[in-house]
Amino acid sequence: MVHQEISCGLEYAITPDLQMCIAEAIQAKYAFIVTPIIHPRYRRPFLLKNRVGGFTRSDMILSPQDWTTRIVARISPYIDVDANTSVVKRRHEDCLIEELQYCRGVGVPAIMLNIRSKNNVNLARILHTFQETSHHTTYIWACVPMYCASTSEKYKDSEDEDIAYNETWSWWSKFHEYMKWDKRVGVVLEVSADLPSQDVIQRWLGEPVKAIILPTHIFINNKKGYPVLSKAHQSFVTSMVEHDAQVIVSGARRSNMEHYLQYLHRIWQRRTESAHDPMLNFARGWEDYLQTPLQPLSDNLDTHTYNVFEKDPIKYDQYQKAIVSALTELKKKKKVTGKTHLDNQVNAAENNEPVVVMVLGAGRGPLVRATFNAADKTNTNVKVIVVEKNPSAVVVLADQVHGSWRDRDVSLIHGDMRYVNLTPKADIIVSELLGSWADNELSPECLDGASNLLKPGGISIPCQYRSFVTPISSPRLWIAAKMASTGDVRTKEKNLEKLWVVFMRNKHDIADCKPVFTFEHPAKPLKNNDGEDMFDHRGSPMTDNRRDVTITWDVKQDNVMHGFGGYFDCQLFGNETLSIVPATHSPGMISWFPVFIPIKVLSASLLVAFSRNSWVHYCYGYCIRFGMAAM
Ligand SMILES: C[S@@+](CC[C@H](N)C(=O)[O-])C[C@H]1O[C@@H](n2cnc3c(N)ncnc32)[C@H](O)[C@@H]1O
């Protein structure tokens with residue numbers, strides 16, 4: 001996705017001379033043509049069995065390469081295999097199968113057929129069988145109008161302005177459901193002269209729109225006589241192309257066909273020139289590609305993963321600013337009180353005692369560097385204690401301790417932060433243990449386990465983080481999760497019961513993004529019956545990281561919900577924050593893609609209750625628990 005170029009095709013309603021049509025389209029620089037598979041001069045006799053000979057032209061008229069790269073075959077529009085009378089139904093089934101087989105024989109990459117109602121069960125059945133018996137992938141493009149004139153007429157007194165646009169979406173959605181959300185099935189939208197509300201357009205952007213058809217009559221001529229689109233149509237076309245749609249020009253010519261194409265290239269070029277989103281650039285090629293979340297606690301990360309982390313231009317800057325603020329705050333407190341605000345602490349500044357900063361889970365050391373930079377900026381004497389449990393990362397850290405950091409007061413501990421016992425205790429602990437959904441890499445467990453390393457009243461960077469969810473519709477992500485190859489058939493069954501890290505593009509947000517769980521560090525200890533803080537056998541405060549919450553949303557229009565988008569935001573210290581929540585995303589930060597949280601059973605009524613370490617959804621009385629991170 002996020003193409004450099006726009007891919008355009010030309011539709012011919014009839015193609016008596018297919019060779020000539022292709023030559024003309026190529027001449028005008030179109031990439032492909034859409035053509036009826038049946039030749040207009042071949043009429044089908046009713047009694048197919050008595051017919052001898054072809055129903056269309058010989059495939060010898062085109063080269064195999066033209067058939068497989070330049071032709072989208074249109075199935076005869078009159079075919080209705082879901083007709084009420086069985087005679088018609090049977091006849092149309094025969095015609096459809098004949099056309100499908102011919103398409104398979106010539107190897108066209110995509111077959112386009114009209115969807116004109118919600119009643120498509122028999123069509124879906126035939127297409128299923130066709131797909132299952134095909135040796136190569138043929139895409140099915142279901143062509144629906146954006147607007148249904150008869151619905152508009154029927155409900156002309158309705159206040160719902162989108163009613164005629166909603167109708168055609170529901171035809172497609174039902175058909176896609178009958179096709180079991182097959183990823184080889186996409187939709188082609190016939191663009192209407194008037195466009196629906198943004199809500200309807202956004203919903204289409206969550207569907208696998210393979211192409212949009214622009215009839216020539218929706219173009220207007222500019223002063224020089226060239227075809228152009230309204231502003232609304234321009235922005236519709238660009239957002240569809242951004243979401244991977246190709247563009248098909250169709251209908252009576254009002255200009256040279258190359259003028260339409262040149263114009264489409266121009267509006268796309270204008271759009272790409274203004275698109276400089278660092279995240280989009282970074283994510284190019286990863287759109288809608290599902291990845292299993294990292295488990296940095298149970299696994300050891302590899303050097304390539306650290307490499308990717310360290311490329312982030314924003315994250316470490318933010319950390320550095322937060323450490324500057326924390327050091328400044330400590331200094332201020334010391335000045336005011338002559339002591340730090342930390343209990344039992346002698347004035348470190350006066351004694352020139354160093355501020356102890358522990359970097360917990362240091363990886364290959366970027367947060368250690370951020371700490372030294374912050375100390376230099378604030379002219380603070382710091383003692384840095386570096387803790388890391390990954391032996392390979394410890395090798396890199398040790399090399400720096402003896403090399404570039406040899407003039408610094410720094411010591412390296414190889415171990416798990418939850419179990420090491422260190423003195424002196426830290427004034428500040430710095431960590432980055434967050435997953436895309438905040439706590440899903442077990443940051444709370446690790447930091448609570450390490451709380452005995454922090455002086456009473458000490459500072460944790462980050463000091464707070466929150467997970468967020470948005471209900472989303474995305475047939476593409478859902479089927480990709482269901483079919484994802486995990487290399488192990490037993491875990492494949494769990495595909496819809498886990499988080500997937502993914503840069504989501506082909507999805508529609510059904511409702512707002514809402515907070516789920518909040519975690520604070522240092523965490524507030526549990527209280528006993530007398531209201532006193534509780535401590536474990538190591539003297540660490542006892543905390544409770546169990547959470548549950550039920551969230552409700554008001555949804556404006558019909559949708560099929562496939563799961564949730566999961567995000568987080570985080571307060572490092574003071575005003576310094578990190579966020580991947582869409583509305584507050586830290587500009588330019590690339591470290592985290594969001595997560596897709598699929599729901600297992602797609603159903604009309606759904607109550608979702610999130611509970612930490614498991615989340616639960618109830619569908620018609622089923623209760624499914626989902627496992628999370630491994631300790
Ligand atoms: C997300 S990485 C961040 C690494 C580094 N701070 C950075 O920003 O590039 C988390 C690091 O914490 C380490 N880690 C996770 N849990 C740990 C634990 N309980 N004790 C020590 N290190 C841990 C992992 O090995 C990994 O290197």
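## Exercises on a predicted model

Leaving aside neighbours within four places in sequence, lysine 315 is in contact with Leu578, Met589 and Ser591. The model is predicted.

**Exercise 1. Place lysine 315 and decide: buried or exposed?**

Solution.
- Start with the element. Lysine 315 sits in helix α12.
- Next, take the count. Lysine 315 has 23 C-beta neighbours inside 10 Å.
- Apply the cut-off. A residue is buried if 20 or more other C-beta atoms lie within 10 Å of its own.
- Conclude. Lysine 315 therefore counts as buried.

**Exercise 2. Treat tyrosine 316 in the manner of Exercise 1, then list its contacts.**

Solution.
- Tyrosine 316 lies in helix α12.
- Around tyrosine 316 there are 18 other C-beta atoms within 10 Å.
- Buried needs 20 or more, and exposed needs 12 or fewer. Tyrosine 316 is therefore partly exposed.
- Leave aside neighbours within four places in sequence. Tyrosine 316 is then in contact with Pro366 and Ala370.

**Exercise 3. Which residues does UniProt give as "binding site", and why do they not all gather at one spot?**

Solution.
- Read the record. The unreviewed UniProt entry places "binding site" at Tyr306, Lys315, Tyr316, Glu388, Asp416 and Met417.
- Check the spread. These positions span 112 residues in sequence, and their farthest two C-alpha atoms are 23.7 Å apart, so they do not all gather at one spot.

**Exercise 4. Describe the shell around the ligand.**

Solution.
- Find the nearest residues. Of the 22 residues around the ligand, Gly361, Gly363, Lys389, Asn390 and Met417 come nearest.
- Name the elements. α11 (303–310), α13 (366–378) and β12 (382–388) each supply at least two residues of the shell. The largest share, three residues, comes from α11.
- Sort by class. The shell has 13 nonpolar, three polar and six charged residues.

**Exercise 5. Outline the domains, then analyse the contact of domain 2 with domain 3.**

Solution.
- The domain assignment gives domain 1 (8–275), domain 2 (303–461) and domain 3 (464–625).
- The contact takes 27 residues from domain 2 and 34 residues from domain 3.
- On the side of domain 2, α12 (315–337), α15 (443–449) and β15 (454–461) give two or more residues. α12 gives the most, with seven residues.
- That side divides into 14 nonpolar, seven polar and six charged residues.

**Exercise 6. Which strands pair with β23, and how do its side chains point?**

Solution.
- β17 (residues 500–501) runs antiparallel to β23, joined by two bridges. Tryptophan 500 has phenylalanine 596 as its bridge partner.
- β21 (residues 563–573) pairs with β23 in the antiparallel sense over four bridges. Glycine 563 has proline 598 as its bridge partner.
- Val595 and Ile597 point one way, Phe596 and Pro598 the other way, and all are buried.

Key
Residues numbered from 1 in each chain as written. Predicted model: local features only at pLDDT ≥ 70, side-chain atom pairs only at ≥ 80, totals over all residues. Near = placed C-beta within 6 Å. Nonpolar A, V, L, I, M, F, W, Y, C, P; charged D, E, K, R; others polar. Domains from an automatic or database assignment. Contact = placed C-beta atoms within 7 Å. Pairing = 2+ DSSP bridges. UniProt positions renumbered as here; feature names shortened; annotations may be inferred.
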